[in-house]
Amino acid sequence: MNIKTEVTGVILAGGQARRMGGQDKGLVMLDGKPMVEIIIDVFKPQTAKLLINANRNHDRYSQYGFELVADELSGYCGPLAGMASALKSINTDYMVTAPCDSPFIPLDLVQRLADALENKSTEISVAHDGERIQPVFCMLKKTLLQSLTDYLAAGERKIDRWFKQHDFAIADFSDKPETFDNINTQEDVDSALSKLRGR
Ligand SMILES: Nc1nc2c(ncn2[C@@H]2O[C@H](COP(=O)(O)OP(=O)(O)O)[C@@H](O)[C@H]2O)c(=O)[nH]1
Ligand SMILES: [Mg+2]
């Protein structure tokens, strides 16, 4: 697959950030910019287009000029709700997701997920850190929309359980475990900043 024409990068920024006092995490500043911008910068060269999934502050997110979708399911049902709304909106065959709070995403995230998916001929590939899968870093084929819609309509919310209903491929990132370092507290902001500056 040609990732530069067939894949939409989806930035998951739809959470409540309860551990950060309910701030909008995509807009929390890190190294002088809102975190969503850090993900935009690393995602943009790896995909055909970008889509931001957010449930608040649409005026701020829309200034980046990318498509913006809210969760169709109300009540903050978790990242799978964002994935469902995104899958419905894309007009590429595939999408790759990443959370807005992961500033160490590598430049080969999308290619590795694409290679894993193609090698196994599946509709889902998911990143693996060497110990466990990291479900919010995944590639999904658009054909999964009905399955995901049905799963959520049944009241299910857990991503890994939905993955297991399908044959999914693993993309190994055990050589880059920092990919999954994510920012959930104010202390995490401080330690990520020193890591970014020390790079
Ligand atoms: N669309 C959407 N995304 C969510 C929701 N809850 C969490 N997320 C996203 O899922 C990702 C992981 O959330 P986070 O609270 O950091 O959880 P943790 O790091 O796995 O403990 C982030 O990108 C959030 O924006 C939700 O209700 N809807
Ligand atoms: Mg997180």
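**Close-ups of ligand 1, the core and two loops**

The shell around ligand 1 is a mix of nine nonpolar, seven polar and two charged residues. Everything in these views comes from a predicted model.

**View 1. What surrounds ligand 1.** There are 18 residues around ligand 1, and those that come nearest are Gly 14, Gly 15, Tyr 76, Gly 82 and Pro 99. Two elements, β1 (7-13) and α4 (79-89), each bring at least two residues to the shell. Which element gives the most? That's α4, with three residues.

**View 2. Inside the largest nonpolar core.** This core has 54 residues. Look for Ile 11, Ile 39 and Leu 113, the ones with the most contacts inside it. Zoom in on Ile 39: setting aside neighbours within four places in sequence, Ile 39 is in contact with Ile 11, Ala 98, Cys 100 and Ile 105. As a general point, nonpolar side chains tend to be buried together in soluble globular proteins.

**View 3. Tyr 76, a loop residue by the ligand.** Tyr 76 is in the loop between β5 (67-69) and α4, and is among the residues that come nearest to ligand 1. Its phi is positive, near 50 degrees, though Tyr 76 isn't a glycine. Buried or exposed? Tyr 76 counts as partly exposed, because it has 13 C-beta neighbours inside 10 Å.

**View 4. Asp 31, between two strands.** Asp 31 sits in the loop between β2 (29-30) and β3 (33-34). Here too the residue is not a glycine, yet phi is positive, about 55 degrees. Asp 31 has 13 C-beta neighbours inside 10 Å, so it counts as partly exposed.

Conventions
Residues numbered from 1 in each chain as written. Chains lettered and ligands numbered in written order. Predicted model: local features only at pLDDT ≥ 70, side-chain atom pairs only at ≥ 80, totals over all residues. Core = buried A, V, L, I, M, F, W, Y, C linked by C-beta atoms within 7 Å. Buried ≥ 20, exposed ≤ 12 C-beta atoms within 10 Å, placed from the backbone. Contact = placed C-beta atoms within 7 Å. Near = placed C-beta within 6 Å. Helix = DSSP H or I, 4+ residues; strand = E, 2+ residues; numbered from the N terminus. Nonpolar A, V, L, I, M, F, W, Y, C, P; charged D, E, K, R; others polar.
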